[in-house]
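The following note is intended for a colleague who is meeting this structure without prior acquaintance. Its points proceed from the whole chain to single residues.

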Amino acid sequence: MAAQNEATTLSINNLGEEVIRRSANFQPSVWDYGFVQSLGSEYSEIEEYAEEVERMKGEVKRLINSKEMDSLSKLELIDCVRRLGLGYHFEEEIEKAMSAIYDEKAKFGWGFEDLNSSSLGFRLLRQHKFLVCQDVFERFTDDKGSFGVPSNEDGVKGLLSLYEASFHALEGEMILDNAKAFSSTCLMNVKKDINMSPSLARKVDHALDMPIHWRPNRLEARWFINAYEGERDRNPILLKLAKLDYNMVQSIHKKEVSELARWWVDLGVNNLAFARDRLMEHYLWNALVVFEPQFGACREMTTKIICLVTAMDDVYDVFGTLEELEILTDFVDRWDISEIGRLPPAIRTCYLAMYDISNDINQWTIKERGFSVIPYIHKMWADQTKALLKEAKWYHARHKPRLQEYLKTSVTSIGGLLMMLCCYLLTTNKITKEALDFISEYPSIMFCSTAVVRLNNDLATSSDEMERGDNYKSIQCYMNESAACEEAARQHVKGLVWEMWKNMNRDVCKSYPITGPFLNACLNLARAAQCFYQYGDGHGVPGGKTKNHLIIEITEGAYNPYQRGGHRRLQSRGSGRNREPPTPEIERTLKLGIFPILANEAMTPVPPLDWGHRRPPLTGITGAL
Ligand SMILES: CC(C)=CCC/C(C)=C/COP(=O)(O)OP(=O)(O)O
Ligand SMILES: [Mg+2]
């Protein structure tokens, strides 16, 4: 049954019958794959810097390990290292330093006098899974629990720091809820009342646009390197190292995406008229989830998985008839490719590609980790396609689910659970049955991070989807069941996003039978979703902010570590016919210090991070503080 405004086409199915197929009229990709394939082969200068990079890394380690530095300066240094995108080089040193700060505070008392240092200490300790109690903020509130309005620049800095800290709240932490509400409103107004420096004003705008905790580290690094360069008390070693490292990671990402473009064009899914052709956007999702050089296999194979997740979504949402979708779901459930001729060629292409890439992952895990994982990948695909089929049936029956019923299905159908499974498989040093069984039960952290993708997707895409007669999404489900207006429903859904974040803040502090960067990847998936859907559908609708992110993150604009300001573009930018010149906004970003990329070789490999060990949540710490 086609909805009123919906575009449809007549087509012939495998039995020679006429069927009505929907059409979402997705726009073509804005990327020229000839250009993308040419990336990553322009420069080979990074070896020139390898020795210097190692020396600078040694210097930064020495600083982080320093016993002379007071705890506030140490926290500022660690915050800076992380925001510059360098945290992954110094995990061990940072972990040790944070433990020492925590022990010192537990033994001698909190000791941070002002709001700025208290908030920074709180944010960083929570970020490192030390559950410091929210009571450390009580002394900054009056007897009604309100925080004070700042009257000068220092006050604004404190408020900004409080705002950033409040995003680490757990469920039920009222002081932090108040802090978040107060600081956001106050920061929005404060610019009118206080004459602050342009640099502080930029920091306030940046924070209000999105808090640090929600920003993908890689995107934050780009902004922060530029901002840090303008700071009077910047550390030149840190700045130079950050630029070199940014370039080095970028050169690796370029190479990976160029190879993926080759795979994508050969596969031919980009030519299926009904499906979104979004290879670059899919790569960006993955590069934001795990950006570190040593996880190239994860970026490569999980990008392929997400390409197929989107293609399958379009098969179920747009192209397939209910009968075809039932056959396809049954194939996936039985993990069978015999009699594949029962499916029309376009669906067959998608299913076979999905089957092949899943087997490629299995071969990789067998070869690299001695573990066969097909039953686990299969289960997730089966769950996912069953969820997609359920949504297709809702569509055909014009069923209007309640929000809870909707979320149960639609969190599975968006593909984040499968993506996180692949992240585990392709980043951990050791795959265990215990971890796989645990992940297959969809633990809270995985569910919540995928729910953040789903809810943000709905906030950004449902207007277009309603226009073309799609199913109800979370906003419409809530409007339908509560008689709320659209604006109130949107606020409700944003409230759910916040709830999911609070759950994740709690979940990362638990212990898990999982090693590798899996937990952080869950947070990063939610962060990527915040950024993809912040200004509309940055995934489905090509161009806009996502294109800008891709341009500055992957295809253009490495830093010149020796020069400030000025830039020159990449000399070899491919021969893309359709490539558009950068927009004025991109031009502005590029002017912040661009130079040709340095090299394609990776630096000395960094040992894989181990996030597996969890501290037990610390209660009663206020007593000690
Ligand atoms: C986990 C990741 C990275 C997912 C990205 C791919 C994806 C299926 C997006 C949703 O498409 P949509 O807007 O068509 O969603 P739906 O049809 O489910 O509403
Ligand atoms: Mg869809």
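Helices, of at least four residues, and strands, of at least two, are DSSP runs numbered from the N terminus.

1. Overall make-up. The model is a predicted one. Its protein chain contains 25 helices and 2 strands. Of the 625 residues in the chain, 46% are buried. Among contacts with a separation of 6 or more, 78% join residues that are 24 or more positions apart.

2. Domains. Two domains are assigned to the protein chain: domain 1 covers 58-217 + 225-241 + 620-624, and domain 2 covers 268-542. Their centres, taken over C-alpha atoms, are 33 Å apart. Domain 1 brings 11 residues to the contact between them, and domain 2 brings 14 residues. On the side of domain 1 that touches domain 2, the residues divide by class into 7 nonpolar, 1 polar and 3 charged.

3. The annotated region. The UniProt record, an unreviewed entry, places the feature "domain: Terpene synthase metal-binding" at residues 266-502. In the model this span is 76% helix and 0% strand. The C-alpha atoms at its two ends lie 43 Å apart.

4. The surroundings of ligand 1. Which residues come closest to ligand 1? They are W285, D313, G415, G416 and T461, within a shell of 16 residues. At least two shell residues come from each of helix 12 (296-319), helix 17 (416-427) and helix 19 (444-467). Helix 12 makes the greatest contribution, with 5 residues. By class, the shell holds 6 nonpolar, 8 polar and 2 charged residues.

5. The nonpolar core. In soluble globular proteins, nonpolar side chains tend to be buried together. Here the largest nonpolar core comprises 163 residues, and L421 and C423 have the most contacts inside it. Both domain 1 and domain 2 supply at least three residues to this core. Beyond its neighbours within four places in sequence, C423 is in contact with V289, V290, C298, T302, F518 and A521.

6. N286. This residue belongs to helix 11 (residues 279-289). Is N286 buried or exposed? N286 has 30 C-beta neighbours inside 10 Å and therefore counts as buried, the cut-off for that class being 20 or more. Its contacts, leaving aside neighbours within four places in sequence, are R299, T302, T303 and I306. T302 is also listed among the contacts of C423. Between N286 and L308, which are 22 residues apart along the chain, the C-alpha separation is 14 Å.

7. Helix 20. This helix spans residues 474-482, and its buried residues include S474, I475, Q476, C477 and Y478. The buried residues of helix 20 pack against helix 16 (403-413), helix 19 and helix 21 (486-507). Helix 19 also supplies residues to the shell around ligand 1. A483, just after helix 20, takes a positive phi of about 60°.

8. Q530. This residue is part of helix 22 (residues 518-532). Q530 counts as partly exposed because it has 19 C-beta neighbours inside 10 Å, whereas a buried residue needs 20 or more. Not counting residues up to four places away in sequence, Q530 touches M210, W214 and N456. Although Q530 and N456 are 74 residues apart in sequence, their C-alpha atoms are 6.8 Å apart in space.

9. Two loop residues with positive phi. Most residues other than glycine have a negative phi. K129, in the loop between helix 5 (115-127) and helix 6 (153-166), has a positive phi near 70°. W335, in the loop between helix 13 (322-334) and helix 14 (345-369), likewise has a positive phi, of about 50°. Why does K129 count as buried? The reason is that K129 has 20 C-beta neighbours inside 10 Å, and 20 or more are required for that class. W335 has 15 other C-beta atoms within 10 Å and so is partly exposed.

Conventions. Residues are numbered from 1 along each chain as its sequence is written. Chains are lettered from A and ligands numbered from 1 in the order in which they are written. This is a predicted model: local features need pLDDT of at least 70, side-chain atom pairs count only at pLDDT 80 or more; totals for chains, interfaces and linings use all residues. Domain bounds come from an automatic or database domain assignment. Two residues are in contact if their C-beta atoms, placed from the backbone, lie within 7 Å. Ala, Val, Leu, Ile, Met, Phe, Trp, Tyr, Cys and Pro count as nonpolar, Asp, Glu, Lys and Arg as charged, and the others, Gly among them, as polar. A residue is buried if 20 or more other C-beta atoms lie within 10 Å of its own, exposed if 12 or fewer, and partly exposed in between; C-beta atoms are placed from the backbone. A residue is near a molecule or strand if its C-beta atom, placed from the backbone, lies within 6 Å of it. UniProt positions are given in the numbering used here, feature names are shortened, and annotations may be inferred rather than shown by experiment. A nonpolar core is a set of buried Ala, Val, Leu, Ile, Met, Phe, Trp, Tyr and Cys residues joined through C-beta atoms within 7 Å.
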